[in-house]
Amino acid sequence: MSHPCNASSPFDHPKADVILRSSDNVDFRVFKLFLSLASPFFETLFELPQPSEEKTENWEMKDGLAVVPISEDSRTLDALLRFCYPCTLTENPSLDHFKDVVNVLEAAKKYSLDEIENTICQALFNPKILEVDSLRCFAIARRARLRDQTLMAAKYSLREPLIPEWFDEIGLVTSADLLALLTYHQKCGSALKKLHLNYSWIKQHYQNRTSGSWLLGQTTTGHGCNCPKSTTVQLFGCYCVLWWQEFMVATFEALKDKPCADTIHKMIEKTVEEVRRRNCSTCCSNVAIAMPEFTTLFAKHVDELVSEVELPLRY
C-alpha cells in the first residue's frame with residue numbers, strides 16, 4: 001500500500017486532534033469538536049475510549065493522533081467535512097457533478113448529518129433543476145433512500161416520455177426501481193382517460209350554455225361563428241367547435257406519453273396560435289379570454305388524478 005498523503009487546507013491543521021483516513025489513503029487532520037457538533041455519529045465515536053501512547057496495538061497512530069479509517073474516498077470526505085466545518089474556516093463545497101451529490105448524500109445519511117442532507121436536498125431538488133433533470137434526481141434520491149425527494153422527482157419525470165432517453169445516472173437505480181417508475185408513469189397516463197371519457201368536470205365548472213359559450217363558438221350574447229362544429233361532442237345540448245374537439249383529442253393523446261399539467265400548457269399554446277390563424281373574430285376573442293381559465297381547470301384535474309397514483313416502491 002502506498003504511503004498516506006495529507007489532505008489540503010483546512011484539513012492539515014497541526015493542532016487537529018484526530019485523523020480520518022479515506023479509502024484512497026488520504027489523511028484528514030480534523031477537530032473532534034466540529035464533527036461532534038455536526039453529527040451524533042461522530043459524537044458517539046469520539047466518546048469511545050481513545051488509545052493512549054502506552055497502548056496502541058489495536059490502533060494506528062500518526063503524529064500522536066489516532067487514525068480512524070473511513071470507507072468514503074477523499075473527494076467525498078473532503079466535501080462532507082467542509083459542510084461540517086464553520087463557515088469562517090471553509091465554504092460549503094460546490095457539488096457540480098451528480099455522482100458527487102450521490103456520494104455525499106449517502107455519506108451524510110450514514111453519519112447522521114441531517115442538516116447537511118437537508119442542505120443538499122434543498123439545493124438539488126428544486127423546481128428549476130427538477131424540470132431539467134428529473135430522472136437524474138430520481139436516481140439520486142432513490143439511491144440515497146430519500147422518500148419525499150424520490151416522489152417529487154418521479155412526479156416531475158412525467159414531463160419526460162414514457163420511454164426515457166439514456167442518462168448517466170441510470171446505473172444508480174436497480175431494474176426494479178426503473179420498472180416501478182415506468183409503471184407509475186403508465187398508470188398516471190391511464191388515470192387521465194376518465195377526463196376524456198366524461199366531460200362532466202367541464203359542465204360542472206361552466207354550469208350553463210352562457211358561461212361555456214366559447215366552447216360552442218358563440219359569444220355570451222348568443223352570436224355564433226361559422227367555424228366548423230363537431231359532429232360527436234356536445235355540451236349543454238349543442239355541438240362544440242371542431243378546433244376545440246381536435247385540441248382535446250390531441251391533448252389526451254399527448255397525455256398518454258407525458259401525463260402532467262405541463263403537457264396541457266404546451267398543447268394550448270399551439271391551439272391558440274392555430275385559432276388565431278383562422279381569423280375568426282369570435283373564436284380569436286374567445287380563445288384569448290377563455291383558454292387561460294380552461295388551462296387552469298384542466299391542469300387542476302390532471303394534478304388531482306395524478307396525485308392519487310402511488311409510486312410502487314418500498315423503503
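## Salt bridge within helix α3

Asp78 and Arg82 form a salt bridge in which the closest N and O atoms are 2.7 Å apart. The structure described here is a predicted model. Both Asp78 and Arg82 belong to helix α3 (residues 74-84), where four residues, about one turn of the helix, separate them.

Buried here means a relative accessible area under 20%. Asp78 counts as buried because its relative accessibility is 18%. Arg82 is likewise buried, since its relative accessible area is 15%.

## Other salt bridges

The count of salt bridges in the model comes to 16. In general terms, side chains of opposite charge can pair when their charged atoms come close.

One of these pairs is Arg143 with Glu106, whose closest N and O atoms are 2.7 Å apart. Arg143 is located in helix α6 (residues 127-143) and Glu106 in helix α4 (residues 98-110), so this salt bridge ties together parts that are 37 residues apart in sequence. Arg143 has a relative accessible area of 33% and is therefore partly exposed. Glu106, at 25% relative accessibility, also counts as partly exposed.

A further salt bridge joins Lys266 to Asp262, with the closest N and O atoms 3.3 Å apart. Helix α12 (residues 261-277) contains both Lys266 and Asp262, which are four residues apart, about one turn of the helix. Lys266 counts as partly exposed because its relative accessibility is 47%. Asp262 counts as partly exposed at 21% relative accessibility.

Salt bridges also link Arg21, Asp27, Glu60 and Lys62 in a network.

## Strand β2 and its partners

Arg21, a member of that network, belongs to strand β2 (residues 18-21). In a regular strand, the side chains alternate between the two faces of the sheet. In β2, Val18 and Leu20 point one way, whereas Ile19 and Arg21 point the other way. All of these β2 residues are buried.

Strand β2 pairs with strand β3 (residues 26-30) in the antiparallel sense, over four bridges. Within this pairing, Val30 of β3 is the bridge partner of Val18. Four residues lie between the strands in the hairpin of β2 and β3, and Asn25 in this hairpin takes a positive phi near 70°.

Strand β2 is also joined to strand β5 (residues 65-69) by three bridges, and these two strands run parallel. Here Leu20 stands opposite Val68 in β5.

## Surroundings of His185

His185 is found in helix α8 (residues 175-191). With a relative accessibility of 3%, His185 counts as buried.

Apart from neighbours within four places in sequence, His185 is in contact with Ser157, Leu158, Glu160, Pro161 and Leu162. The contacts of His185 also include Asp257, Lys258 and Pro259.

## Domain arrangement

The protein is divided into two parts, domain 1 (5-94) and domain 2 (195-308). A distance of 63 Å separates the C-alpha centres of domain 1 and domain 2.

Methods
Residues numbered from 1 in each chain as written. Predicted model: local features only at pLDDT ≥ 70, side-chain atom pairs only at ≥ 80, totals over all residues. Heavy atoms only, no water. Buried < 20%, exposed > 50% of the residue type's maximum accessible area, 1.4 Å probe, protein only. Pairing = 2+ DSSP bridges. Contact = heavy atoms within 4.5 Å. Domains from an automatic or database assignment. Salt bridge = Lys/Arg side-chain N within 4 Å of Asp/Glu carboxyl O.
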